[in-house]
Amino acid sequence: MEKTLNSRKVKFFSGKELPLEMHKVRIVQSLNLVPVERRLEAIKEAGYNTFLLGTKDIFLDMLTDSGTNAMSDNQLSSMFVADDAYAGSQSFVKFEKSVLDVFNKKFVLPVHQGRAAENIISQTFVKKGSYIPMNYHFTTTLAHIQLNGGTVVELFTPEAMKIKSTNPFKGNIDIQRLEELIKKHGAANIPFIRMEASTNLIGGQPFSMKNLEEVRAVADKYKIIVVMDASLIGENAYFIKKREPAYMNSSIHQILTEMCNLCDIVYFSGRKVSSSRGGAICTNNKELYGMMKDLVPLYEGFLTYGGISIREIEAMATGLLETKEEDVVGQSPSFINYAVTELDKLGLPVIMPGGALGCHVEAQQFIPQVPQSEYPAGALVAAFYIISGIRGMERGTLSSIRDEQGNDIYADLELMRLAFPRRVFTLSQVEYIIDRLNWLYHNRELIGGLKFVEEPPVLRFFTGRLESIGNWPEKLLAKFRQDFGDSL
Ligand code: F0G
């Protein structure tokens, strides 16, 4: 399993810095690029909501990396030797060994996906009056904590909200505010501190090892446990190696283990961390394990399968070992870095520095003519789909909620997220993304806003339907035809 992949050691004669792929593609799926006229029709049928598009109308699916990362040949082959059993499966024993090797945790509770881990952790530790400090929330985490009566307190630093920044660790938690919060509410009301690796909703931005060490010191001082959402831990470890000088010569394996050693509970979505399915809650503390364990058979399945097919447990076990490889966990960040660097040179408002998960475009700067009440990020995602066939995800006010008076709560950032699932796209596809985004930026004055026609009361972004304000999509299509002729 231990290999030495060395893309970082390859220098180009041209001086170019290209993210060289250290894998070859042996199983492929064909893609379909339908004409721009069909794309306009499709987005209308989908109520201008990319969640409601069918993949037959999508060229590059950049909605998410969740469950869409490419598996390795070793992962796929391990699925065929799965030891299917309701209880005592040896595939689960293999998975436990991988967790011990990579995360250095002895006790493992399997769950069907990341949010199921959040359900069990929240039900066990959160109650009415609890405060949960964290570097930033994730949608499902927030929902589970609130469901159990807790309050999420985000303690990000001012740098986190800066679109163009050179700060390498925008995912850090503000240590001073953390201590103030504990003093204000009392340690007894803070069941745990949550740190999210490669903070998803602020552009996949990592925290530093130093920051995590400081969190540990505060936690020890007040006797509070530290919980890490490790769904994007591999990428966070990669950024620590690249951006925190003290870790330049450490292996990803050493960094992963050190990060986990600083946390009492580590949970993850296998859909992200190991290019498979499933997830798990891991700890070395027998007492904490005992507090959570009985909820697994109740909500997930027996302790050795947790609602995951045994084949997927095999894929997780192998995938987890592969996260020790720099070229595996660095593949998506290096492609994202390439894309945002090029887009930044072209003057586009993209989140800098590049993080994990995807390339994030800020819509308020891209289309300042569209006010937040007309969902600029949603409009940008729809416009980009029409002119490229690429499906992104809205991460702005549309993904937010309304207050008690029924007014939209405007998001801090209006983002279009273009996810880069691991090892799925090629560099020429990335060039296509850059080219079409650049064209859209040159024609940005054509884009208008959106309004709801069907708005569900909860998680409206998943199934809500909208329409365009005015006929801007038709004008965009006409300009596309004028500039690109009969091109798709
Ligand atoms: N935590 C983080 C940081 C996540 O990014 C996700 C999922 C979850 C928990 C929940 O895991 O989907 O397996 O239940 N993120 C996906 C995304 C959905 O598109 O960003 P899950």
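Student: Which residues come nearest to the ligand, of the 16 around it?

Tutor: The model considered here is a predicted one. In this model, 16 residues surround the ligand. Those that come nearest are T64, R115, N200, D229 and S269.

Student: Which residue has a side-chain N or O atom 2.6 Å from a nitrogen atom of the ligand?

Tutor: Several polar atoms of the protein lie beside the ligand, and the atom types separate them. G114 places a backbone N or O atom 2.9 Å from an oxygen atom of the ligand, and K272 has a polar side-chain atom 3.0 Å from a ligand oxygen. The side chain that lies 2.6 Å from a nitrogen atom of the ligand belongs to D229.

Student: How much of the area that the ligand exposes when taken alone does the protein bury?

Tutor: Taken alone, the ligand exposes 480 Å². The share of this area that the protein buries is 95%.

Student: Which element gives the largest share of the shell around the ligand?

Tutor: Two elements give two or more residues each to this shell: α4 (114-125) and α10 (270-273). The largest share amounts to three residues. The element that supplies it is α4.

Student: Why do C263 and C260 not form a disulfide, and how many disulfides does the structure hold?

Tutor: A disulfide requires two cysteine sulfur atoms within 2.5 Å. The sulfur of C263 has its closest cysteine sulfur in C260, at 6.5 Å, which is too far for a bond. For C282 the closest cysteine sulfur is also in C260, 7.8 Å away and again too far. The number of disulfides in the structure is zero.

Student: Is C282 buried or exposed?

Tutor: A residue counts as buried when its relative accessible area is under 20%. C263, with 3%, is buried. C282 has a relative accessibility of 0%, and it therefore counts as buried.

Student: What is the geometry of the aromatic pair formed by F366 and Y441?

Tutor: The whole structure contains 18 aromatic pairs. In the pair of F366 and Y441, the ring centres are 5.0 Å apart and the planes meet at 65°. Planes over 60 degrees apart count in one class, and this pair is accordingly edge-to-face.

Student: How many residues apart in sequence are the parts that this pair ties together?

Tutor: F366 belongs to helix α16 (residues 363-366), whereas Y441 belongs to helix α18 (residues 427-442). F366 is buried at 0% relative accessible area, and Y441 is buried at 14%. The parts joined by the pair are separated in sequence by 75 residues.

Student: Which residue lies over the face of Y441?

Tutor: Two arginines sit over rings in the lines of contact described next. R436 has its charged end over the ring of F484, 4.2 Å from the centre. Over the face of Y441, at 3.9 Å from the ring centre, lies R444.

Key:
Residues numbered from 1 in each chain as written. Predicted model: local features only at pLDDT ≥ 70, side-chain atom pairs only at ≥ 80, totals over all residues. Heavy atoms only, no water. Buried < 20%, exposed > 50% of the residue type's maximum accessible area, 1.4 Å probe, protein only. Phe/Tyr/Trp six-rings, centres within 6.5 Å; stacked < 30°, edge-to-face > 60°. Helix = DSSP H or I, 4+ residues; strand = E, 2+ residues; numbered from the N terminus. Lys NZ or Arg CZ within 6 Å of the ring centre and 35° of its normal. Near = heavy atom within 4 Å. Polar contact = N/O pair within 3.5 Å; in protein donor to acceptor, adjacent residues only side chain to side chain. Areas by Shrake-Rupley, 256 points an atom, 1.4 Å probe, with all protein chains shown as cover.
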